[in-house]
Amino acid sequence: MKKYINKIRLLVLLLIIGFYSWLRTPSSDWNVSVTDDAFSDAKSVKIKTSHGPNTLILVCTPEEVKVEFGTNGKPFQLSPDVGVLSFRIDGGQPVKVTGVLWQTRDNYSYVQMSTKGDEDETSGINHLIYQLHSADADVIVGFRGMSENMEEKFGVRGVTKATNEFITECKITLKSDHTE
């Protein structure tokens, strides 16, 4: 009888450890959402990752691709502010584009840039997506403006799957060449 009770205790302990491990298993750092575009029969696609109060979002619509790097709860002195939005993936060379810092009334500040009609920015975002697609260590994003600076490091779990869906849904052709 004592052996039977010890086996039950061991089984219960293993179940508790297994359940705890399952709860602690990391999920994807990157989330994808695909919605119908309000202005066409195409799709609007968004991939997003967060770390603490900071977020990195890529959105594509039929007209453009946008990148947004934001933070919650940090009011900035100068908004809008123009500066350099930089992405460094897996310790590689930074991809730099021009970004504009905006701030909402509820202290959400974000730097946004868009490819709409700008060949240089389109090249920069294309190279960013190319690098994100194969990221395996980290994604560091920073903004250096005339009066404000911010920087964050994001994880890469799920980034390949998310960028694959983004590339497919947005009909993006990846190119590896990018010049500063």
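These legends walk through several views of a predicted model.

**Figure 1. The whole chain, with 3 helices and 9 strands.** Welcome to the overall view, a good place to get your bearings. Starting at the N terminus, the elements follow the order α-β-β-β-β-β-β-β-α-β-β-α. The protein has 180 residues, and 38% of them count as buried. Among contacts with a separation of 6 or more, 57% are between residues 24 or more positions apart. The accessible surface amounts to about 11,300 Å², and carbon and sulfur atoms account for 54% of that area.

**Figure 2. A close-up of the disulfide between Cys60 and Cys170.** The structure contains 1 disulfide, and here the S to S distance is 1.8 Å. Which parts of the chain does the pair link? Cys60 belongs to strand β3 (residues 54–60), while Cys170 belongs to helix α3 (residues 159–170). These are distant parts of the chain, with the two cysteines 110 residues apart. The torsion about the S-S bond of Cys60 and Cys170 is about -85 degrees, so this disulfide is left-handed. Are the two cysteines buried or exposed? Both Cys60 and Cys170 are buried.

**Figure 3. The largest nonpolar core, made of 34 residues.** Look here for the members that touch the most other members: Leu56, Leu58, Val67, Leu85, Phe87, Val139 and Phe166. Helix α3 gives the most to this core, contributing 5 residues.

**Figure 4. A closer look at Phe166 and its contacts.** Phe166 is one of the core residues that touch the most other members. Which residues does Phe166 contact, once neighbours within four places in sequence are left aside? They are Val45, Ile47, Leu58, Val59, Cys60, Val65, Ile129 and Ile172. Two of these names may look familiar from the earlier views: Leu58 also appears in the core list, and Cys60 is a partner in the disulfide.

**Figure 5. A nonpolar patch on the surface.** To finish, this view turns to the outside of the protein. Met1, Tyr4, Ile5 and Ile8 together make a nonpolar surface patch of about 460 Å². One of them, Ile5, sits in helix α1 (residues 2–24). How does Ile5 come to be called partly exposed? Its relative accessible area is 37%, and partly exposed covers values between the 20% limit for buried and the 50% limit for exposed.

Methods. Residues are numbered from 1 along each chain as its sequence is written. This is a predicted model: local features need pLDDT of at least 70, side-chain atom pairs count only at pLDDT 80 or more; totals for chains, interfaces and linings use all residues. Side-chain values use heavy atoms; hydrogens and water are left out. A disulfide is a pair of cysteine sulfur atoms within 2.5 Å. Helices (H or I, at least four residues) and strands (E, at least two) are DSSP runs, numbered from the N terminus. Buried means under 20% relative accessible area, exposed over 50%, partly exposed in between (1.4 Å probe, protein chains only). A nonpolar core is a set of buried Ala, Val, Leu, Ile, Met, Phe, Trp, Tyr and Cys residues joined through side-chain atoms within 4.5 Å. Contact means heavy atoms within 4.5 Å. Patches are made of residues with over 30% relative accessible area and no salt bridge: like charges are joined within 9 Å, nonpolar side chains (Val, Leu, Ile, Met, Phe, Trp, Tyr) within 5 Å. Accessible areas come from the Shrake-Rupley method with a 1.4 Å probe; for residues, only the protein chains shown count as cover. A salt bridge is a side-chain nitrogen of Lys or Arg within 4 Å of a carboxyl oxygen of Asp or Glu.
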